[in-house]
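Let's take a walk through this model together, going from its overall layout down to single side chains. Keep the 3D view open as you read.

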Amino acid sequence: MEIPSVHRLADARIPTVDGEFTLLLYENSEDNKDHLALVYGDVEGHDDVLVRVHSECFTGDVLGSLRCDCGEQLGTSMRRIAEEEQGIIVYLRQEGRGIGLLSKLRAYNLQDEGYDTVEANRMLGHGADERDYAIAATILEDLGVSSVRLLTNNPKKIESLTDHDIDIAERAPLEPHVNRHNADYLRTKVNRMRHILDLGPTNGYSQTNVHGSSLQPLEQRVEHYYADTGLPFVTLTYAQSLDGSIASNSGAPLAISGPKAMDLTHRLRALHDGILVGIGTVLADDPRLNVRRREGDHPVPVILDSSLRFPLDARLLDCDGPSPLIFTGPNPDPSRRETLESKGATVVPLSCTPDGGVCIDTLLEALGDRQIASVMVEGGTQVLTTFLRRQRVQRVILTIAPMFLGGTSALDSLAPPQQPDAPDPSDDVPRLKNVQQRWYGEDLVLEGDPIWPSSE
Ligand SMILES: NC(=O)c1ccc[n+]([C@@H]2O[C@H](COP(=O)([O-])OP(=O)(O)OC[C@H]3O[C@@H](n4cnc5c(N)ncnc54)[C@H](OP(=O)(O)O)[C@@H]3O)[C@@H](O)[C@H]2O)c1
């Protein structure tokens with residue numbers, strides 16, 4: 001095996017949003033390309049240094065193209081290395097898995113005609129992957145690391161660096177965000193190039209662009225729905241255990257989602273204008289319903305509370321974010337209403353259904369009139385049940401945590417309450433179409449658009 005030699009030509013300080021790196025430019029004995037190393041902290045002589053060997057991808061790295069996960073991998077690697085205050089990104093100038101930018105763009109056009117990335121490269125007379133990692137290994141040797149933790153999903157890269165005597169102590173996986181532009185590409189990487197990626201149960205088959213509508217960004221769907229109907233787009237979202245419980249039987253507040261799924265919940269909160277729960281949840285959990293795990297606008301808390309049981313010391317009355325909108329029955333107690341309004345809440349009397357709950361149809365109209373174009377319905381059981389029973393849900397995002405709770409069930413019967421003896425609804429149950437799934441840490445997040453067979 002020919003071992004290339006490398007020689008540092010220059011290095012410079014590169015401050016980035018993640019922290020300050022040093023960029024080293026190398027010449028080598030193999031080609032006349034400017035291969036680079038982006039180094040954070042002191043790496044020489046260290047074990048288990050976090051390393052990414054990244055091949056140039058102009059479209060992903062520079063333009064932020066969604067056709068691949070390259071830009072995301074580079075960004076994540078820089079962030080993780082900066083967090084550890086130590087690490088290296090070897091940046092190899094082998095664009096387009098080594099076939100160059102011109103051929104890569106031609107291969108993209110073939111992929112748009114339906115060929116996968118491997119077939120497209122071969123049709124252009126190239127190999128599926130023409131990259132070589134000998135220079136990367138020599139650069140790592142020059143930097144003097146004893147062993148590395150390699151940020152990669154690509155077993156070929158691990159094999160090649162190992163063949164070049166790099167001691168890989170561990171593989172550090174990089175989890176991509178799957179979108180409709182890169183889903184097939186990522187699946188091809190898994191199925192044809194052995195990449196170690198958990199894309200969920202869709203691994204074995206293609207989830208192609210025919211499902212594009214479900215993958216449309218939520219904001220876009222909200223905008224269209226509100227413009228067309230004047231009503232808020234409703235996202236039903238909650239966390240349940242494996243046995244379908246959303247709370248423990250003791251009634252004590254319990255975190256069901258893990259940290260990554262919680263991050264998603266807060267991202268979703270920031271995406272919606274309103275967040276809705278029933279008074280049962282306020283009494284049980286005293287929630288804040290605001291955005292705390294990321295930057296973003298807080299949604300307006302919307303509470304269904306037909307008898308104005310809202311506690312005067314609820315955290316919703318003095319936490320960050322807009323004051324709550326409390327929808328209640330038609331004749332609220334005047335002094336209770338005054339006290340709540342003196343604490344910042346807005347109490348809105350509305351008509352109620354025969355069984356006493358706030359009428360959902362009127363509620364959605366009232367929210368639409370208040371320019372609330374989207375609402376995230378978080379729970380609890382009775383509220384989730386009402387929205388599904390009334391078929392007033394446009395999107396469902398469900399977190400399933402790997403635990404058994406044997407507690408409060410997520411849903412009651414979906415049969416209308418005035419028809420307890422209605423025929424078995426098993427043929428007519430709401431289902432999800434355009435289903436997507438993704439792991440957030442140990443939690444599975446399943447989402448889709450609900451359909452009711454009787455309304456199809
Ligand atoms: N895991 C999760 O993601 C999650 C999320 C939220 C809540 N939870 C859990 O859910 C539990 C609370 O559930 P819950 O069923 O007792 O309470 P809930 O669904 O939060 O609130 C139900 C109450 O809301 C009022 N309401 C008014 N109009 C309504 C309507 N149209 N439909 C339904 N309810 C209406 C009713 O009280 P009035 O008759 O007095 O108006 C009803 O009793 C808590 O243990 C909480 O921890 C879990």
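The protein is divided into two domains: domain 1 covers 6-94 + 131-177, and domain 2 runs over 214-455. Please bear in mind that this is a predicted model. Between the C-alpha centres of domain 1 and domain 2 there are 45 Å.

Now turn to the nonpolar interior. The largest nonpolar core has 31 residues, and those with the most contacts inside it are Leu236, Leu276, Phe327, Leu363 and Phe387. Among the elements that give two or more residues to this core are the strands β8 (233-240), β11 (300-304), β12 (325-328), β14 (374-379) and β15 (395-400), along with the helices α13 (360-369) and α14 (381-389). The biggest contributor is α13, with five residues. For a closer look, centre your view on Leu276. Leaving aside neighbours within four places in sequence, Leu276 is in contact with residues including Val302, Leu304, Leu363, Val375, Val377, Val383 and Phe387. Apart from this core lies another one, of 25 residues, among them Val6, Val43, Leu143 and Val148.

Helix α6 (residues 155-163) is a good next stop. Pro155, Lys157, Ile158, Ser160 and Leu161 are its buried residues. What do the buried residues of α6 pack against? Their partners are β4 (49-55), α5 (134-143), β6 (148-151), β7 (168-172) and α7 (183-193). Both ends of the helix deserve a glance. At the N-terminal end of α6, Asn154 acts as a cap, with a side-chain oxygen 3.0 Å from the backbone nitrogen of Lys156. Just after α6 comes Asp165, which takes a positive phi of about 70°.

Let's finish with the aromatic rings. Searching the whole structure turns up two aromatic pairs. In one of them, the ring centres of Phe21 and Tyr40 are 5.0 Å apart and their planes stand at 90°, so the pair is edge-to-face. Phe21 belongs to strand β2 (residues 20-28) and Tyr40 to strand β3 (residues 35-40), so the pair ties together parts that are 19 residues apart in sequence. Phe21 and Tyr40 are both buried. Tyr225 and Phe233 also form an edge-to-face pair, at 5.8 Å centre to centre and 85° between the planes. Here Tyr225 is partly exposed, with a relative accessible area of 22%, whereas Phe233 is buried, at 2%. One more ring is worth finding: Arg67 lies over the face of Tyr108, at 4.1 Å from the ring centre.

Note on methods
Residues numbered from 1 in each chain as written. Predicted model: local features only at pLDDT ≥ 70, side-chain atom pairs only at ≥ 80, totals over all residues. Heavy atoms only, no water. Phe/Tyr/Trp six-rings, centres within 6.5 Å; stacked < 30°, edge-to-face > 60°. Helix = DSSP H or I, 4+ residues; strand = E, 2+ residues; numbered from the N terminus. Buried < 20%, exposed > 50% of the residue type's maximum accessible area, 1.4 Å probe, protein only. Lys NZ or Arg CZ within 6 Å of the ring centre and 35° of its normal. Domains from an automatic or database assignment. Core = buried A, V, L, I, M, F, W, Y, C linked by side-chain atoms within 4.5 Å. Contact = heavy atoms within 4.5 Å. Polar contact = N/O pair within 3.5 Å; in protein donor to acceptor, adjacent residues only side chain to side chain.
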